[in-house]
Amino acid sequence: MYFLPRLSLILLVTVIALLLSSVSWAQFSLRDFSNGGFSGTVDQQWALRTDDGATQKFQTTFEPRMEVDITDSTRLTAIARVRADTESNLGFAGSRTHLDTELREFYLDADWGGLYWRLGKQQIVWGQADGLRILDVINPQEFREFILPKFEDSRIPLWIANVEIPISDDWTAQLLIIPDQTYADLARPGTSFSMRSPQVIPEMPSGLPVKFEQEKRPGRTFKDADAGARLSAFVGGWDVSLNYLYHYQDHAVLFRQVTETGIELTPSYERTHLVGGSFSNVFGDTTFRSEVGYSSDRFFLTNDNADNDGVFSTGEFSYVLGIDYQGWRDWFVSGQLFQSILSDPTHDMTRDKSETSATFLLRRYFMNESLKAESLLIQNLNRSDGVLQTSMEYEWSTNITLTLGADIFFGSCAGLFGQFEEESRITFGTEFSF
Amino acid sequence: MNTPVNDTGLSRFFQTLVNWPKTVVVLSLLVMGLTLSFLPGLTKDTRADAFLAPDNPALLYKEKVKEEFGLSDPFVIALVNEGEEGIFNPESLALVNWITNEVDLLTNINSDRVVSLATEKNIVGTEFGMDVDDFFDPVPSTQAEADFLRQAIDDFPLYKGSIVAKDGNATLVVAEMIDESVAEETYAEILAIVDRAPLSPGDELHVAGEGAVLGFLGSYIDADAQRLNPLAGLIITLIIIFAFRRLSPALSGNIIIAASVLMTLSVMAASNVAFFVITNALPVILIGISVADAIHIYSHYFDLQTEQPLKSRKDLVVETMLDMWRPVTLTTLTTMAGFLGLYFAAYMPPFKYFGLFTAFGVFVAGVYSLIFLPAAMVLTKAQVSQHFIGQREVGSSELFARAIGGLGYLTRNYSKTIIAFFAVSAIAGVYSASHLVVDENRINTFDTSESIYIADKAINAHLDGTNTLDIVIETAQVEDLFLPVNLEKMQSLQIYAESLPYVQGSTSIVDYLKQMNRALNGGDISEYKLPISDALTAQYFLLYSASSDPTDFEEEIDYDYQKANIRINLNSGSYQHTKGVVESLAAYISDEFNTESINATLSGRVNLNYHWIKDLGESHFLGVSIALFLVWVVSALLFQSSLAGLFTLIPVLASILLVYSAMVVLGINLGIGTSMFASVAIGLGVDFSIHTLDRLRTLSRNTGSDINSALERFYPSTGRALLFNFLAISCGFGVLMSSKVVPLNNFGTIVVLSVTTSFLASMTLLPAMLKVFKPDFLSAKQQSATTQGAGLARVVTTVLAVVLGAYLLLPNSAQAAESLSADEIVERINNVDDGEHVTRRLVMNLTDRRGRERIRETFGYRKYFNEEKKSVLFYESPSNVKGTAFLTWDYPDTKVDDDQWLYLPAIRRVRRISAGDRGDYFLGTDFTFEDMKLEGRMEPADYDYALLGEETIDGVASYKLASTPKNTEVAKELGYGRTEFWVDKSNWVVIKADYWDTKDVLLKSLVMSDIRKIDGIWTRHELELSNHKTGHRSQFIFSDVDYLSPIDDDVFTQRAIVRGL
């Protein structure tokens, strides 16, 4: 694939898409498969760095989906993904740089004994926040493209036993067991979005050799499994939930050890209890939503030399307050305030005791919702760095969507966002669904 | 009389008929035979409800009540024992048990709904709480046990009067049918049970109730008809034979009768119109009318034959027809006009059809008289009898000749006296008309000797009454009926109702609660009152259900304790008696109830009857006016003189007014059977005056305007024919006087009365007035046959035009008397059933102005949870939106915002979204959220409605309405300045709508198509909405619509939309 000149590939994809769109796909109904359905998407994305105009990625993704009704009350769903990138700037898992295949989700939905089971590889999302994760920590995330892709694409599905217990029409309980020790997938060093920020990468005194030790990764399927429970209800007009998750945090903590030979960094995964809840309600044209969480054992980096491993443990209390406003026809406006407060701060932390971020989303629809224009600003108020993501999405026909977008990073290069200032880009996308 | 047989088109026509007699006769019989093939399809409908138009709100509401509470028209079996112990003796009680069990076994009886001492339960207090035990647990077998039972009943005020007489001498077994269409069979089965019941001395059994009436009426009327019709036919045949002393006129006359009656009934069957109770009078009426033309034609033929004995038969027949076609046509048209008046004025379907089909029958008789009869006359070689010739002589001593001669003598010599006499009786008639009483009592359909009549009287004498009125109470929220304030309102309503005359008792959940309260508080009668708190009420129900079946109260209260029914018993079904009750209760309800938290609606048999009788008086007088008007127009055109038209009305008016006086004197009320008489009387009576006027005019011109000599010649010829005509009709209707069906009997009596008066007035008053006033039209020049023919053509055209005009101008649908308002139409639109729940596939086809299409396939569920509506829409294709689901909980109160959630697969979670502006467009379509929510219904809280008129859209007759938002706020919110919409008159579905924005620019147009019934519910399968501003079009196509498969409540939860379809 990477032999072909880029332009001709774009043309090829476009022509194929046009040809296929002229077929009346309405006749190819999913009802033809009496036992479920076969569908999927083919997605083409081309990103150009604004800095130097170089191609950051030229990626084609094929994501087929199959649903089979095994019995009246059970259904098997399988979603696969094949990604091919002509560039190697972003990298994939393992050593491959250009091709990535994955069985994304594979689960069985069953209605047994009055309970609803979903067993298998799946994504589960808790909470009410958009983009910022307080309770949405069940599935880890892939960071090869930082937080720019849709979360559905960057979230890593896990093998989970998920059971929902309907208590009444308004109350539901959910129990999870996650015997899957898959954690966050960080961008490989040397790729566009590999972390440089001192918040994540500890500052090393120069001159000394740094050695990465073997990762301390939990390996016992059940003893190291994550477990969670959620109680959700619709009460007095409020959607509320109470959440508890006992889990290994998805990001390894880098423990520093100074030895004779140099500095040893040992990534280690730590467990914590997370307790929290969410609420949302609607008042006229405004939706109010909120999420709170308390994590008992969080680990952050400290540059205090007195600290023997460069890491300190603390509890973390975080919350998000969000408001969505839909009062103006065809507009959607949303703002969120996010704050994370440490209960036991120490000196020389790489982050502030209280970190505050805000997001602001403006979305407008045109032409009977066939054209969508969107602008999302995420800004860390402590460091004043952030990212502005804008896009225009046009639904050209039933099966074809065209996208034009830009992701601009700004702020101090020490910040989580500012570190990627050079990677600001514009993107062109085509999605074809079948 | 001596019209030259010249070569006009008309004479050529009749000549053809007589030259091909066999062909004509065979063809006529063939046409009759072909039409008769439809006759077997005739169905019978004896229901009282058949008298109401199917979409009458009172009838629709009664159906709703039946669904909710299961109440319908029951059979009532009464056991009466006037002995010392009354029915409280072991044998009688055992009989009650036996009957209850036997009735229960019948297939058409709803076992859940049999009520008697054997099924009801006693509520007593015990130290542990409440004990609910069957009264017959066990069946009392000794007198002591029977006495104990009497005491128990005495202690339970609810049952005294309702299933046991207050004096203990009677008790009831009440049973409801499952299928009312087989009421006759069930009634027969119940009668069979009663026949073999083990009666003890002193026991009497009676079977009554609306169920019995329904069951009996059918066979009652059938038996009657089977007796009456042949009798009428026989009498008339005898009269004809006697008049002409020949068989052939009787034969031809009977064929015409057969053609008229049987073809009318066949056409009725072919038009899917049922044979109603009053349709029984139709054959009798047609028999009398059809034969009149034959009598006149034969009479004239025999007259001509007497005068010109040597002329050939064929020539004589032609001459007869040329003389008689005009009066025959006139009388046919005027009689049809009379019956069509009934069709236009009546608002009850059976009456409308009666008028319509009788007019048709008269038409058939007229056609056969003009075409078939001449041919038959030639074939049968009709020959005048010597006897007949003899009668014609002036001064003949024969009875009929003498009678007619007498009338002639009176008229010639006492004309002024006659006029004065009729003037006085007319004034008396007008006075009586204002004192007519409208009354109807269904039980009076039966003769007083009928067992059902006796049973009804017995039951109404001993117990609370067989006539029921229901009041349905509705509260705002589930379990609101636990609140003492609501129960007390119900109690006050019952107390008020029982204070009204003819109301003997009432039953509701209040009575049961009071008994429970008493049972749990020591049993003293002072504790027979409502519980003091809602918690207590709830507890009582709980305690009751612990000892017994909670479905015991199905007929009194619904499952959610939100709706209740109060059943009121009256011991009279007469309209005059129940009118007061219904109107008083309606006034009480509108004062005390009908608030936001609680409201009440009247229903039940008594209410239904009240609605359809109350407009009867108005409709009657309207019918009379219309018939008179039509007759006047027709006659005026035919005589080419409006004065002549008025003269034809004189005898008819005289007869009607006399009948009013007779009704008041005899105490006959204006009811279902009798209200029709006027149209019938007009239609029949006008025949006499037309023949008289026509004949006198012709004679007068021939004699040089000498009225006296005209009169002399008139009586022996036409007068005699008219006499036989009168005898035939009056005997035909006289037969009705022997009917056992009381309304038909009354109807027959008054029609005979009016026809007699018409005849006498035509024979005396009309000639007298012509003699005294000498109007101009008498002496006008005689016209030639050609101009006569042309004149008639003009007349027929004008008559048709007038009839058509009347049809178009007068509201002729069954709602005529009610003339629907816009709000009533909107109510009917909103009452169209949309199913408790529905699943359906919806394909949304969105096309922009350039023709670019986007298609979305979705699958939707919708279910009502009482007044709340929950719906969920799952997107299935294309795959980039697959899994998206939209959940809505619609609350009935427009002030309470709906709750909505959107599941987006992209974020894998449910977003709570604001219902937003109701005028916002739904997910990219041209339908707003409000449009999607209403689904074709109207929202009177937001709009004012006006009726613009009626239009036919694509062959569908529809009402056109306009709606304007109530204020600018609503207009802005919903986005419409005004809308116009069209509603299909037959099913109240909106089929087309146009919307204007707030600047009065045409914004969008909606067209509905493929509207058909699925599972009995009208469903719109295709909606196409075009937005004129943007050029965008949304087409919604529904398929796989299913109202029957149940939907799990769980489908409408957040967890379900996350899981997906």
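Begin by selecting Lys57(A), Asp85(A), Arg144(A), Glu145(A), Asp407(A) and Arg425(A), which are linked in a network of salt bridges, a salt bridge being a side-chain nitrogen of Lys or Arg within 4 Å of a carboxyl oxygen of Asp or Glu. This is a predicted model, in which local features need pLDDT of at least 70 and side-chain atom pairs count only at pLDDT 80 or more, while totals for chains, interfaces and linings use all residues. Residues are numbered from 1 along each chain as its sequence is written, chains are lettered from A and ligands numbered from 1 in the order in which they are written, and side-chain values use heavy atoms, with hydrogens and water left out.

Within that network, zoom in on Arg144(A) and Asp85(A), whose side chains meet in a salt bridge at 4.0 Å, N to O. This pair links distant parts of the chain, 59 residues apart, with Arg144(A) in the loop between strand S5 (115-122) and helix H2 (151-154) of chain A and Asp85(A) in strand S3 (residues 74-85) of chain A; helices (H or I, at least four residues) and strands (E, at least two) are DSSP runs, numbered from the N terminus. Both Arg144(A) and Asp85(A) are buried, where buried means under 20% relative accessible area, exposed over 50%, and partly exposed in between (1.4 Å probe, protein chains only).

Next, select Arg49(A) and Asp52(A), which also form a salt bridge, at 3.4 Å, N to O. Arg49(A) is buried, at 15% relative accessible area, whereas Asp52(A) is exposed, at 51%.

Now move to the interface and pick Glu164(A) and Arg1059(B), whose side chains meet in a salt bridge at 3.4 Å, N to O. The pair crosses between chains, from strand S6 (residues 158-166) of chain A to helix H30 (residues 1054-1059) of chain B. Glu164(A) is buried at 11% relative accessibility, and Arg1059(B) is partly exposed at 23%.

Widen the selection to the whole contact, which takes 59 residues from chain A and 47 residues from chain B, contact meaning heavy atoms within 4.5 Å. Across this interface of chain A and chain B the rule finds 11 salt bridges, and over all chains the count comes to 71.

Finally, select chain B alone, where there are 30 helices and 22 strands. Of its 1061 residues, 59% are buried, and 71% of the contacts in chain B with a separation of 6 or more are between residues 24 or more positions apart.
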